[in-house]
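The following exercises ask the reader to work through a structure one step at a time. Each task is followed by a solution.

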Amino acid sequence: MFIVDEKDRDYRFGDSGPKYLMRGPRMNFAIVQFQPGQDFQAHYHNVMEENFYILEGEVDIFVDNVKYTLRQGQIIHIEPKEIHYIINNSDAAVKMISTLAPFMDVDKVDVD
């Protein structure tokens, strides 16, 4: 058992990207934030499935080149090997939860 306070962790890119509250041993759990116009490179996972639950704002998530616009209260489930790209095309920050499971230390494959 353990407790983590979000204020004790930082976003990967200063004011954006993932803020991992838990990494392993069985799953990853992160708060993810993107400012207007920010994106995250297209990639896929060989083993892990990923979920994004939108807490605040609106975000475009492309899965295998199909665009999905998600808003507060919606979740998207992404299967292993599905290429996904995230961009905030709105004029406000987006904040979401990301879960990845089962945990793999290295499982992200970047795509051009």
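**Exercise 1. List the contacts of Phe34 beyond its sequence neighbours, and decide whether Phe34 is buried or exposed.**

Solution. Begin with the contacts. Once neighbours within four places in sequence are left aside, Phe34 touches Ser16, Gly17, Asp39, Phe40, Ile86, Asn88, Ala92, Ala93, Val94 and Met96. The model is a predicted one, and the contacts are computed from its atoms.

Next, place the residue. Phe34 belongs to strand E2, which spans residues 28-34.

Then apply the cut-off for burial, which is under 20% relative accessible area. The relative accessibility of Phe34 is 2%, so Phe34 counts as buried.

Finally, consider a residue that is absent from the contact list. Leu70 lies 36 residues from Phe34 along the chain, and their C-alpha atoms are 13 Å apart.

**Exercise 2. Determine which sense of pairing joins E2 to E9, and how many bridges are involved.**

Solution. The two strands pair in the antiparallel sense, with seven bridges between them. One position illustrates the register: Ile31 stands opposite Ile97 in E9.

The cover of E9 may be examined next. This strand comprises residues 94-101, and seven of its eight residues are buried, so that it is mostly covered. Two residues of this strand, Val94 and Met96, were also among the contacts of Phe34 in the preceding exercise.

**Exercise 3. Identify what E4 pairs with, starting from E9 and continuing to E7.**

Solution. Take E9 first. Strand E4, residues 49-56, runs antiparallel to E9 and is joined to it by seven bridges. Two pairs of residues fix the alignment. Glu49 has Ala101 as its bridge partner in E9, and Ile54 stands opposite Met96 in E9.

Continue with E7, which covers residues 75-78. E4 and E7 also pair in the antiparallel sense, here over four bridges. In this pairing, Glu50 stands opposite Ile78.

Combining the steps, E9 pairs with E2 and with E4, and E4 pairs in addition with E7.

**Exercise 4. Locate the cis peptide bonds that precede Pro25 and Pro102, and state where each proline lies.**

Solution. For Pro25, the bond in question joins Gly24 to Pro25 and is cis, with omega about 5°. Pro25 is found in the loop between strand E1 (17-23) and E2.

For Pro102, the bond from Ala101 is likewise cis, and omega is near -10°. Pro102 is placed in the loop between E9 and strand E10 (108-110). Ala101, which precedes this proline, is the bridge partner of Glu49.

**Exercise 5. Examine the backbone of Asp64 and Asn65, and classify the accessibility of each residue.**

Solution. First, inspect phi. Asp64 is not a glycine, yet its phi is positive, at about 50°. Asn65, also not a glycine, has a positive phi of about 70°.

Second, assign positions. Asp64 sits in the loop between strand E5 (58-63) and strand E6 (66-71), and Asn65 lies in the loop between E5 and E6.

Third, compare accessibility with the cut-offs: over 50% is exposed, and between 20% and 50% is partly exposed. Asp64, at 42%, counts as partly exposed, whereas Asn65, at 77%, counts as exposed.

Lastly, relate Asn65 to another part of the chain. Ile83 is 18 residues away in sequence, and the C-alpha atoms of the two residues are separated by 7.7 Å.

**Exercise 6. Summarise the chain as a whole: what are its elements, and how compact is it?**

Solution. Start with the elements. The protein chain has zero helices and ten strands. Its radius of gyration is 13 Å, close to the 13 Å given by the globule rule for 112 residues, so the chain is as compact as a globular protein of that length. Along the principal axes, the C-alpha atoms fill a box of roughly 35 × 30 × 25 Å.

Turn to the interior and the contacts. Buried residues form 38% of the 112 residues. Of the contacts with a separation of 6 or more, 65% link residues 24 or more positions apart.

Conclude with surface and charge. The accessible surface is about 6,500 Å², and carbon and sulfur atoms contribute 51% of it. There are 11 positive and 19 negative side chains, and the centres of the two sets are 5 Å apart.

Note on methods
Residues numbered from 1 in each chain as written. Predicted model: local features only at pLDDT ≥ 70, side-chain atom pairs only at ≥ 80, totals over all residues. Heavy atoms only, no water. Rg over C-alpha atoms; globule rule 2.2 N^0.38 Å. Buried < 20%, exposed > 50% of the residue type's maximum accessible area, 1.4 Å probe, protein only. Contact = heavy atoms within 4.5 Å. Areas by Shrake-Rupley, 256 points an atom, 1.4 Å probe, with all protein chains shown as cover. Lys, Arg positive; Asp, Glu negative; His and termini not counted. Charge placed at Lys NZ, Arg CZ, Asp CG, Glu CD. Pairing = 2+ DSSP bridges.
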